[in-house]
Amino acid sequence: MDLFDDLPPHPDSALLALAPGAVLLRGWARDADVALLQAVEAVIAQAPLRHMQTPGGYTMSVATTSCGALGWVSDPHGYRYAARDPHTDQPWPAMPDCLLTLAQAAAAEAGYANFQPEACLINQYVPGAKLSLHQDKDEKDLSAPIVSVSLGLSAVFLFGTPVRKDRPQRYRLVHGDVVVWGGQSRLAYHGVQPLEEGVHALLGRRRINLTFRSPRVHG
Ligand code: MD3
Ligand code: FE
């Protein structure tokens, strides 16, 4: 099986290239996990997690919310970034400093000096939840990377190429992993296999993934 479970553990590696433009910072967020989780829970208290509808008529198994100037929204009309949470009709909660600082430091470590994410999408998985293979292309600034942070239960992440039919590689992303997706990897197809049963010491029976994005040019 091509499951890359044998990637280096924390902390003996700072930086690992998964593919051109895709940099894994194994365990990079682990020391900050309590602060990150506390900040995420404060966002969720203001902007609840919800299962969005897809334009294709499905309900996502992953529950989502956002913080920052813009949030990611899906409904029967399509996917887009919006300044207000349609659930509360309020602006999204501000991006907590500890999240922004971590995302910018990770981007800089991977070679992106001026990353200014305006959106942080929060995805919560419980066992069985998955994310089908897709591209992230709702952002107008494709020169900016996406920074992802994984917390809680581990997940098998599918990582393909910009060509949908190319067979994806599989990586297990664990608590504290940070990945910077830019350059040639920015438009790669990717997804998450159904989350396996488990209980994480800090997060319990779930996985939370944060993705930091620059939806607008000049962000
Ligand atoms: C590769 N989230 O929110 S994070 C998403 O674990 C999303 O919740 C997954 O895909 C999750 O859109 C995967 C890793 C990731 C995020 C964005 C990417 C990988 C990416 C964009 C381009 C290429
Ligand atoms: Fe994605």
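Where does Asp-89 lie? I looked it up and found Asp-89 in the loop between β6 (84-85) and β7 (90-91). I took strands as DSSP E runs of at least two residues and helices as H or I runs of at least four, numbered from the N terminus.

**Ground rules**

I am working on a predicted model, where local features need pLDDT of at least 70, side-chain atom pairs count only at pLDDT 80 or more, and totals for chains, interfaces and linings use all residues. Residues are numbered from 1 along each chain as its sequence is written, chains are lettered from A and ligands numbered from 1 in the order in which they are written, and side-chain values use heavy atoms, with hydrogens and water left out.

**Asp-89 again**

I checked the backbone. Asp-89 is not a glycine, yet its phi is positive, about 60°. Asp-89 is exposed, because its relative accessible area is 52%. My cut-offs: buried is under 20% relative accessible area, exposed is over 50%, and partly exposed lies in between (1.4 Å probe, protein chains only).

**Whole chain**

I counted two helices and 15 strands in the chain. The radius of gyration is 16 Å and the globule rule gives 17 Å for 219 residues, so the chain is as compact as a globular protein of that length. That radius is taken over C-alpha atoms, and the rule is 2.2 Å times the number of residues to the power 0.38. The C-alpha atoms fill a box of roughly 45 × 35 × 35 Å along the principal axes. Buried residues make up 54% of the 219.

I also looked at contacts, meaning heavy atoms within 4.5 Å. Of the contacts with a separation of 6 or more, 73% join residues 24 or more positions apart.

**Seven-stranded sheet**

I traced an open, antiparallel sheet of seven strands in the order β1-β2-β13-β10-β15-β8-β3. Two strands pair here if DSSP finds at least two bridges between them. β1 (16-19) and β3 (63-67) are the edges, each pairing on one side only. Neighbouring strands are turned by 20° against each other on average, direction ignored. Helix α2 (residues 97-109) packs on this sheet and touches β2, β3, β8 (119-125), β10 (146-152), β13 and β15 (207-213). The direction of α2 makes about 120° with that of β10. Axes are lines fitted to C-alpha atoms, for helices over the stretch in contact, and angles run from 0 to 180 degrees between N-to-C directions.

**Strand β2**

I followed β2 on both sides. β1 and β2 pair antiparallel over three bridges. Ala-17 has Val-23 as its bridge partner in β2. The hairpin of β1 and β2 has two residues between the strands, and Gly-21 takes a positive phi near 90° there. On the other side, β2 (residues 22-25) pairs antiparallel with β13 (residues 178-181) over four bridges. Val-23 stands opposite Val-180, and Leu-25 has Val-178 as its partner.

In a regular strand the side chains alternate between the two faces of the sheet. In β2, Ala-22 and Leu-24 point one way, Val-23 and Leu-25 the other, and all are buried.

**Val-178**

Is Val-178 buried or exposed? Val-178 is buried, because its relative accessible area is 0%. Its contacts, not counting residues up to four places away in sequence, include Leu-25, Trp-28, Ala-106 and Val-147. Val-149 is 29 residues away along the chain, but the C-alpha atoms of Val-178 and Val-149 are separated by 4.5 Å.

**Four-stranded sheet**

I found an open sheet of four strands, β9-β14-β11-β12, also with antiparallel pairing. Its edges are β9 (131-134) and β12 (169-173). The twist averages 20° from one strand to the next. Two bridges join β9 to β14 (residues 190-192). Leu-131 stands opposite Val-192.

**Iron site**

Which protein donors does the iron ion (ligand 2) have? I listed His-134 (NE2), Asp-136 through two OD atoms, and His-190 (NE2), lying 2.0 to 2.8 Å from the ion. Donors are N, O and S atoms within 2.8 Å of the metal (3.2 Å for Na, K and Ca); water is not among the atoms, so sites may look incomplete. The spacing along the chain is H-x1-D-x53-H.

Why is the arrangement irregular? The six donor atoms subtend angles of 50 to 177°, which makes it irregular. Six donors count as octahedral if opposite ones are over 155 degrees apart and all others between 65 and 115. His-134 is partly exposed, at 22% relative accessible area, whereas Asp-136 is buried, at 9%.

Definitions and conventions:
Tetrahedral: all angles 85-135°; square planar, octahedral: opposite > 155°, others 65-115°.
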